[in-house]
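Open the model in your viewer and set the display to cartoon. This tour tells you what to select at each stop and what you will find there.

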Amino acid sequence: MNIIRKHPVEAGGINRLRFAKGAEVLCFAPDPTGTPCVWESSDTEATETEPRTFLLVGASHPYDATGAEYVGTGFVGLLVLHLFEVEQ
């Protein structure tokens, strides 16, 4: 059995989060309150966690995504935000 969890992220830099070990990143989207979040799916019985690092940048802002994988784009009000997962 799996469960979906959300992790709030902040724009303008690096976000270091703890995910269930082996979790799959599903998407980047705001939650119902408008908070930008990365959503993950993981086993409900997972007891171990692992660090995951994300870079969240606004449109038209310079950034270095060397070694990063694009996750998705989200819209929060008038902001357009782009999320990348950075290699550990």
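The stops below go through two sheets, one residue and a group of aromatic rings. Keep in mind that this is a predicted model.

**Stop 1: the sheet of three strands**

Begin with some background: strands of a sheet pair through backbone hydrogen bonds, either parallel or antiparallel. Now select β1, β4 and β3. In which order do the three strands form the open sheet? The order is β1-β4-β3, and the pairing is antiparallel. β1 (2–8) and β3 (24–30) stand at the edges with a single partner strand each, so one side of each has no neighbour in the sheet. From one strand to the next, the twist averages 25°.

Next, keep β3 and β4 and hide the rest. β4 covers residues 36–43, and six bridges join this strand to β3 in the antiparallel sense. To look at one bridge, select Pro-30 and then Pro-36: Pro-36, in β4, is the bridge partner of Pro-30.

**Stop 2: Ser-42**

Stay in strand β4 and select Ser-42, which has its place there. Is Ser-42 buried or exposed? Ser-42 has a relative accessible area of 4%. Buried means under 20%, so Ser-42 counts as buried.

Show the side chain of Arg-5 as well. The side chains of Ser-42 and Arg-5 make a polar contact at 2.6 Å. Then add the other residues around this point. Leaving aside residues up to four places away in sequence, Ser-42 touches Met-1, Asn-2, Ile-3, Arg-5, Ala-20 and Ala-23.

**Stop 3: the sheet of four strands**

Now select β2, β5, β7 and β6. These four strands form an open sheet in the order β2-β5-β7-β6, with antiparallel pairing. Which are the edge strands? They are β2 (13–20) and β6 (68–76), and each pairs on one side only. Here the twist averages 30° from one strand to the next.

Narrow the selection to β5 (residues 49–58) and β7 (residues 79–86). Six bridges pair β5 with β7, and the sense is antiparallel. Select Gly-58 and look across to β7, where Leu-81 stands opposite.

**Stop 4: the aromatic rings**

For the last stop, show the side chains of Tyr-63, Tyr-70 and Phe-84. These residues form one aromatic cluster. How many aromatic pairs does the structure hold? There are three. As a guide for looking at them, a pair of aromatic rings is described by the distance of the centres and the angle of the planes.

Conventions. Residues numbered from 1 in each chain as written. Predicted model: local features only at pLDDT ≥ 70, side-chain atom pairs only at ≥ 80, totals over all residues. Heavy atoms only, no water. Pairing = 2+ DSSP bridges. Axes fitted to C-alpha atoms, helices over the stretch in contact; angles between N-to-C directions. Phe/Tyr/Trp six-rings, centres within 6.5 Å; stacked < 30°, edge-to-face > 60°. Buried < 20%, exposed > 50% of the residue type's maximum accessible area, 1.4 Å probe, protein only. Polar contact = N/O pair within 3.5 Å; in protein donor to acceptor, adjacent residues only side chain to side chain. Contact = heavy atoms within 4.5 Å.
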